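Hi everyone, thanks for coming along. I'd like to walk you through a structure that may be new to you, so do have it open as I talk.

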Amino acid sequence: MVALTDPTALDAPAPPDRLARARRLHLWLALALVAISLASLTVGATGVQLLDVARSLARGEALSRMERVVLLDIRLPRLVMGLAVGAALAVSGAVMQGLFRNPLADPGIVGVSAGAGLGAILAIVLGGLLPPALLGLAGAHLVPLAAFLGGWISTLLLYRVATRRGQTSVATMLLAGIALAALSGAVSGVLVYMADDTQLRDLTFWGLGSLAGASWTKLAAALPILLIAVSGAMLLGRSLNALALGEATAAHIGIPVQRMKRLAILCVAAATGAAVAVSGGIGFIGIVVPHLLRLASGPDHRALLPNAALLGAALLVGADMISRSVVAPAELPIGIVTAVLGAPVFLWILLRQRGVVDL
Amino acid sequence: MLEARDISVSLGRSEILRGVDFEAQPGQLTAICGPNGSGKTTLLRTVTGDLPCTGRVTLNGHDIARLAPWELAAMRGVLPQASALAFPFTVLEVVEIGLSRGRAAGQARAALQALARVDLAHHAGRPYQSLSGGEQQRAQLARVLAQVGAPVDADGPRWLFLDEPVSALDIAHQLEVMQIARDFADAGGGVVAVMHDLNLTAMFADRIVLLARGRVLSAGPVTEVMTSDTLSRAYGCRLRVGLAPAPGTPFLLPHAARLAAE
């Protein structure tokens, strides 16, 4: 009979443990995040310096009114928003790519952000038509909620169209994304045409993608959704790994596939929706971050998801610093910065995939 | 044991299986054979719980329709015909995906042992996607072996469901994989395999369930099912079964002409 096992095989050194390496990365990314957050608090149009503030605090002096306003009401909410939105965008990208089993799936590219955007625009322009009682109930949550609904419907639609019997067609996914984005764009166009001047200013500002509108009020509405969505996504690590082998195999391994797919779609829609609602169309974070992390420490979602949250947060806060300082005291829309960083990476992935996947 | 009663499956308008009864015992290797399109894979997917069907399937006395996915996964592993992998996992990582709880030290070792079993330990750190088709098939078998663990434990026998496990393999690895399945059955586990190669089936299987056009044409011990007459009827071509000299297992020699042509 054939030799069944090579007796020396088990003595061979075990291959490098990429999961352990990816988990060590948590610490480094967290440190980088703290550093970049402190830097972000220091940079700005006014001359308020974090070190000066720390020094005067250490001496027991009270903060000047200027310092308090700049730090606590402008820079801090902006920082918190950057952290939350960056983490949400990167994690949505990673979850979506796991769900569609393709590194090109990103809420911005396959039309989910556009759907969320349509929801937000609907709320901004037509929200006033709602009965006052309902409007009062929804309050500041109206725009994030509408964006979430828009994102959710587009994700469901996309999944229905692009996935058959557990297999995703990349071509159909990208094409359906184009159709969804075009449709959302058309409806949004009609709404923009109908909008009055104030609404128009809101829309333009919001469409370019920016963290400049950050305020504690907006955060109060969006932060809980972002936090729940991102923490919910952290539960998906093992399931997304199993899903990489296909839906049937994931079920054989013991994953409740339908349930986890519903959770994944909800998380993506909530995270993308809330992020789009407060900061507009910031693209490419969701595709660049997971891709870099997979290159650095492998595709294991148990480590990839937390790492994506950390790196996404750091990258967006960093991009925001760039957008504030390149043309200071004016601001570059942050969507431009992330696109300049992200579009080449997207093209690069596309080129690498060309040989492997038949689009 | 595995018991399926009165199974019918329709996909769209066509009925793939009609009133099929199927049984498999732990300690045995049961082969599902039959021509292309006879419903072999459909029957396998029904008894693994992948496909909804009319009728009832019980595994170790449990109605599989009532078991949660993780309960079923603890009882049986399934090797699909082909598996595409998204993302660049290594061979070892693919095997570990099948393991249920985190990665205790013993589990990482279980994964490496399963890889050694299919003669792939030396490729553990390689990207799965860089393996050849046959190597990928063996890596998937290692994943299934790591998932089910011991062939039998306090909770009863474990089961392997293999869909054409040797279709992409060279002759040496065909024998090796069939031997792994045989050993699993000999140790008390149950094995159900969809097989195309009737000679390999004759060498390794205990029982054959022969399907034709969605029905069971014949089921029983290898020597009873593998007769020239039955096989010729099932496959629609003239086939002659002889007996190999030493162990007395049947072997098959196809004739060139199809029955239909005569």
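I'll begin with the two chains, then turn to where they touch, the nonpolar core, and one sheet in chain B.

Please keep in mind throughout that this is a predicted model.

Let's meet chain A. It has 359 residues, and 48% of them count as buried. Its secondary structure comes to 15 helices and 2 strands. If you take the contacts in chain A with a separation of 6 or more, residues 24 or more positions apart account for 82% of them.

Now for chain B. Here we have 9 helices and 14 strands. Of its 262 residues, 47% count as buried. The C-alpha atoms of chain B fill a box of roughly 60 × 40 × 35 Å along the principal axes. What radius of gyration would a compact globule of 262 residues have? The expected value is near 18 Å, and chain B has 19 Å, which agrees. As for its contacts between residues at least 6 apart in sequence, 61% join residues at least 24 apart.

So how do the chains meet? On one side are 29 residues of chain A, and they are in contact with 35 residues of chain B. Which elements of chain A give two or more residues to that side? They are α10, residues 237-243, and α11, residues 247-253. Of these, α11(A) gives the most, with 5 residues. Sorted by class, the side of chain A that touches chain B has 18 nonpolar, 7 polar and 4 charged residues.

On to the inside. In soluble globular proteins, nonpolar side chains tend to be buried together. In this model the largest nonpolar core has 186 residues. The residues with the most contacts inside this core come from both chains: A:A88, A:V91, A:L226, A:A271 and A:A274, along with B:L115 and B:A181. Helix α3 of chain A, residues 65-100, gives the most to the core, with 15 residues.

Let me pick out B:L115 from that list. Leaving aside neighbours within four places in sequence, B:L115 is in contact with B:V91, B:L92, B:V95, B:L120, B:A121, B:A124 and B:A142.

Next, please find the open sheet of 4 strands in chain B. Its order is β2-β1-β4-β5, with antiparallel pairing. Which strands stand at the edges? Those are β2 (14-24) and β5 (62-63), and each has a single partner strand, so one side of each is left without a neighbour in the sheet. A helix packs on this sheet too: α1 of chain B, residues 40-47, touches β1, β2 and β4, and its direction makes about 60° with that of β2(B).

Looking at one pair of strands, β1 (residues 2-11) and β4 (residues 54-59) of chain B pair in the antiparallel sense over 5 bridges. You can spot B:A4 opposite B:V57 in β4(B).

Let's finish with another residue of that strand, B:L59, found in β4 of chain B. Is B:L59 buried or exposed? With 23 other C-beta atoms within 10 Å, B:L59 is buried, because the cut-off for a buried residue is 20 or more. Not counting residues up to four places away in sequence, B:L59 touches B:L2, B:I64, B:M75, B:R76 and B:W159. B:L59 and B:V47 are 12 residues apart in sequence and 8.5 Å apart in space, C-alpha to C-alpha.

That's my tour, and thank you for listening!

Notes
Residues are numbered from 1 along each chain as its sequence is written. Chains are lettered from A and ligands numbered from 1 in the order in which they are written. This is a predicted model: local features need pLDDT of at least 70, side-chain atom pairs count only at pLDDT 80 or more; totals for chains, interfaces and linings use all residues. Two residues are in contact if their C-beta atoms, placed from the backbone, lie within 7 Å. Ala, Val, Leu, Ile, Met, Phe, Trp, Tyr, Cys and Pro count as nonpolar, Asp, Glu, Lys and Arg as charged, and the others, Gly among them, as polar. The radius of gyration is taken over C-alpha atoms; the globule rule is 2.2 Å times the number of residues to the power 0.38. A residue is buried if 20 or more other C-beta atoms lie within 10 Å of its own, exposed if 12 or fewer, and partly exposed in between; C-beta atoms are placed from the backbone. A nonpolar core is a set of buried Ala, Val, Leu, Ile, Met, Phe, Trp, Tyr and Cys residues joined through C-beta atoms within 7 Å. Two strands pair if DSSP finds at least two bridges between them. Axes are lines fitted to C-alpha atoms, for helices over the stretch in contact, and angles run from 0 to 180 degrees between N-to-C directions.
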